[in-house]
There are 4 protein chains.
Amino acid sequence: MPSLYNRVAGQSVERLAALSDGIFAVSMTLLVLDLRVPASEAIHSERDLGHALIALLPRLIIFLMSVMTNGIFWVGQQTQLNHFARADRNLAWIHIAFLCWITLTPFSTSLLAEYIHYRIALLVYWFNIVLLGATLYWSWSYATRSQFIGEDAPEDIHAAVVRRIGIAQTLYAAGAALCFINTYYSIAAIVLVQVNYAIAPRFCWGIFSRKSENKRGAGEI
Amino acid sequence: MPSLYNRVAGQSVERLAALSDGIFAVSMTLLVLDLRVPASEAIHSERDLGHALIALLPRLIIFLMSVMTNGIFWVGQQTQLNHFARADRNLAWIHIAFLCWITLTPFSTSLLAEYIHYRIALLVYWFNIVLLGATLYWSWSYATRSQFIGEDAPEDIHAAVVRRIGIAQTLYAAGAALCFINTYYSIAAIVLVQVNYAIAPRFCWGIFSRKSENKRGAGEI
Amino acid sequence: MPSLYNRVAGQSVERLAALSDGIFAVSMTLLVLDLRVPASEAIHSERDLGHALIALLPRLIIFLMSVMTNGIFWVGQQTQLNHFARADRNLAWIHIAFLCWITLTPFSTSLLAEYIHYRIALLVYWFNIVLLGATLYWSWSYATRSQFIGEDAPEDIHAAVVRRIGIAQTLYAAGAALCFINTYYSIAAIVLVQVNYAIAPRFCWGIFSRKSENKRGAGEI
Amino acid sequence: MPSLYNRVAGQSVERLAALSDGIFAVSMTLLVLDLRVPASEAIHSERDLGHALIALLPRLIIFLMSVMTNGIFWVGQQTQLNHFARADRNLAWIHIAFLCWITLTPFSTSLLAEYIHYRIALLVYWFNIVLLGATLYWSWSYATRSQFIGEDAPEDIHAAVVRRIGIAQTLYAAGAALCFINTYYSIAAIVLVQVNYAIAPRFCWGIFSRKSENKRGAGEI
């Protein structure tokens, strides 16, 4: 009986991962549709095309920011799924909700690309990030309570995951608050937080944590 | 000889699952294309953008409803695939038909989002759900007759799957019938049925079934 | 040394399958974009919407035909991949070419949906099917010559695969030739060939083949 | 402890591969959207449609070139992933960057298809290829330094991968430089380089390398 349960539940974690990879793949690729090729009526020379491409730069930055947003949450969700020894239907639905917010990212990215000076667009984008973080937190706490975490997970992984989501969301909220001064400051702050997580994760991490190098290996990617 | 057959057939179930995950992923992500970013000509202030986003709320509800529709049928199909020890070409084609109805959901969702007051749009959406349920039922009954169900499936799984599809389709039909009063009532009823299945499956389930907790584990997710 | 080779090559067959499932999934879902929701300017009543949906029926038939085209070639490619014990770079490129023709199907489908009365549109659609069949044939003959077929494949599988592609392409060519009378005859003929392969494969198969039931199991799906 | 690390890291390589296959699949399928079906207003006869399709030929060539670009980098990334015994978070982010450039290929392809006579469009396309090559090189050198390469990889694989990326990028740069004479020469040169890599890899390879046939098997696809 338990072997059956594990087999079926294990397959479920795998298929949850497969659905997630598919949704992240489509969502990340749809983001590029905001980089619209300049309309040919207005382009009569190399110079015109060059100017039109330079005018696309803000959209390119939004695009890169959203690819990073997706990448960060892909790594975060993956870390969780890799540690789940089992799953149940509730957990599957928590992750379907998570994936629903991921499919919203092309919309909120598009909105921000179109209305880069508008606070509301920035706050919608930020709210999308909040939904993603809250649902990942929900997933982890539900899995912990239901004892779905595999036995080989490091002891302090619970604290690490919770702290990580908390710090990231605090930084995002602080960045989003800057939009009341200027939306560009907000975008710069969010990009900085993301680059920090993607390229130099040790910085933020190091301040708040004394986890040893050995243990960190298991809790990441 | 049987080991060959199982190996090839087993790979087929896996690839059927992979194709399904891909189609669900694309279909769920395409749903977001109905949330169109407000046209910039009409937006001159934060207030304008706020109003334009509020006007998008009905489309957001349709979007969430369709993500739930996809999620419910993804969980339903997955449960079946996880219990199949083998497959054959007919079963593959039944699932290709099922996936064909899934690829139609972005169309029927779009139609309903555009014509939310029209009964025909609501009935097309409902008919899409009927096709999905009927094909899943067909898949299960064909697999049962062909003895494709793995030996470790719980004894009463057949009754549970059949009852589940029957109850869900009855509730959907009742919800759809409300469109002759008002399409909003129908949408509210369908969303309620779906939220019940996604968030609190025990409610509906509990009324009609006395399955023990132990056995339920295997038949779900 | 051989174990290394097998491991790497085996992974390659798996990733080829994963890329294929992804491309089929996206391509099949993009087909639905030809079913455009009627423009709201022309719709003022339930009756208008009903008529507009009825006017979509030819496009719906083209859509269903293309889902079947994709389904048939997915099953065909899958059968081959399941029998490959190894792969090399040339085989990978043959399958990338095959997938390239698959990504063309949304274009040729769209062309036919828009120009259903034009022979050229029908011939482009048919040429797409020819490319798919020819590339699958090329894949199989290359894999056979390179001895990539697994040892547990049935003896007469080579003849069965070759015969099957030959018969199907002959029927498609005959169907396409009908376009010189009327493109609707062609579409009806192609749909009939496809329904025959999908729903009742024994018919065509049975005429030309005396393969026993036992052996057929391994060569299909 | 090492077994845990390997398990989690191994799952990560698999999911990286799954995300990659998904993104390549979506990106390759989106390329076809540049082949726009001729607008029906201008088509009044078979002859009109024929001419409109012939006018699509340059776009078809760009489409085929981009499918090859994607195919080449898919094979290249796959070769690397197949040899990685482990991964860490930095490697995951290098590959997310790589996939980000892949999602840009539909944009740069679309730009080139629309502005085929403009040097800037050609140089943007080439820069996209440079980013892809540089990131793959970065991935390989990081993985080598971090000792992520599996023990069964052939001895000279490092030199082979580095040489291969170097030669390919040199040829691409030479081809792109031709755009200062005529962009069509550039496109022809890039297509030639790609066809050479896809169809007849031995040619370029043979000039610069004396690797034996035996060893080559492991380093490819």
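**Exercise 1. Decide whether A:Tyr184 counts as buried, exposed or partly exposed.**

Solution. A:Tyr184 has 15 C-beta neighbours inside 10 Å and therefore counts as partly exposed. The cut-offs are these: a residue is buried if 20 or more other C-beta atoms lie within 10 Å of its own, exposed if 12 or fewer, and partly exposed in between, with C-beta atoms placed from the backbone. A:Tyr184 is found in helix α7 of chain A, residues 183–199. Helices are DSSP runs of H or I with at least four residues, strands are runs of E with at least two, and both are numbered from the N terminus. A:Tyr184 and A:Ala92 lie 92 residues apart in sequence, and their C-alpha atoms are 37 Å apart in space.

The model is predicted: local features need pLDDT of at least 70, side-chain atom pairs count only at pLDDT 80 or more, and totals for chains, interfaces and linings use all residues. Residues are numbered from 1 along each chain as its sequence is written, while chains are lettered from A and ligands numbered from 1 in the order in which they are written.

**Exercise 2. Find the operation that superposes chain B on chain C, and name the axis.**

Solution. Step one: chain B is superposed on chain C by a rotation of 90° with 0.0 Å of shift along its axis, at an RMSD of 0.0 Å. The fit is by least squares on the C-alpha atoms of residues with pLDDT of at least 70 in both copies. Step two: that is the relation of a four-fold axis. Step three: of the residues of chain B, B:Gly22 comes closest to the rotation axis, with its C-alpha at 4.0 Å. The copies use different surfaces, as 9% of the contact residues of chain B recur in chain C.

Step four: for chain A on chain B, the turn is 90°, the shift along the axis 0.0 Å and the RMSD 0.0 Å. Here A:Gly22 is the residue of chain A closest to the rotation axis, at 4.0 Å (C-alpha).

**Exercise 3. Describe the side of chain B that touches chain C.**

Solution. Start with the count: 32 residues of chain B are in contact with 33 residues of chain C. Contact means that the C-beta atoms of two residues, placed from the backbone, lie within 7 Å. Next, list the elements of chain B that give two or more residues to this side: α1 (2–30), α4 (89–114) and α5. Of these, α1(B) gives the most, with 13 residues. Last, sort the residues of this side: 21 are nonpolar, six polar and five charged. Ala, Val, Leu, Ile, Met, Phe, Trp, Tyr, Cys and Pro count as nonpolar, Asp, Glu, Lys and Arg as charged, and the others, Gly among them, as polar.

**Exercise 4. Work out how α5(B) and α2(C) are set to each other.**

Solution. The axes of α5 of chain B (residues 119–145) and α2 of chain C (residues 46–55) come within 8 Å and cross at roughly 45°. The two helices are therefore oblique to each other. Angles under 35 degrees count as roughly parallel, over 145 as roughly antiparallel, 65 to 115 as roughly perpendicular and the rest as oblique. B:Arg119, B:Ile120 and B:Ala121 make the contact from α5(B), and C:Glu46, C:Leu49, C:Gly50 and C:Leu53 from α2(C). Four of these residues are nonpolar, one is polar and two are charged.

Definitions and conventions:
Axes fitted to C-alpha atoms, helices over the stretch in contact; angles between N-to-C directions.
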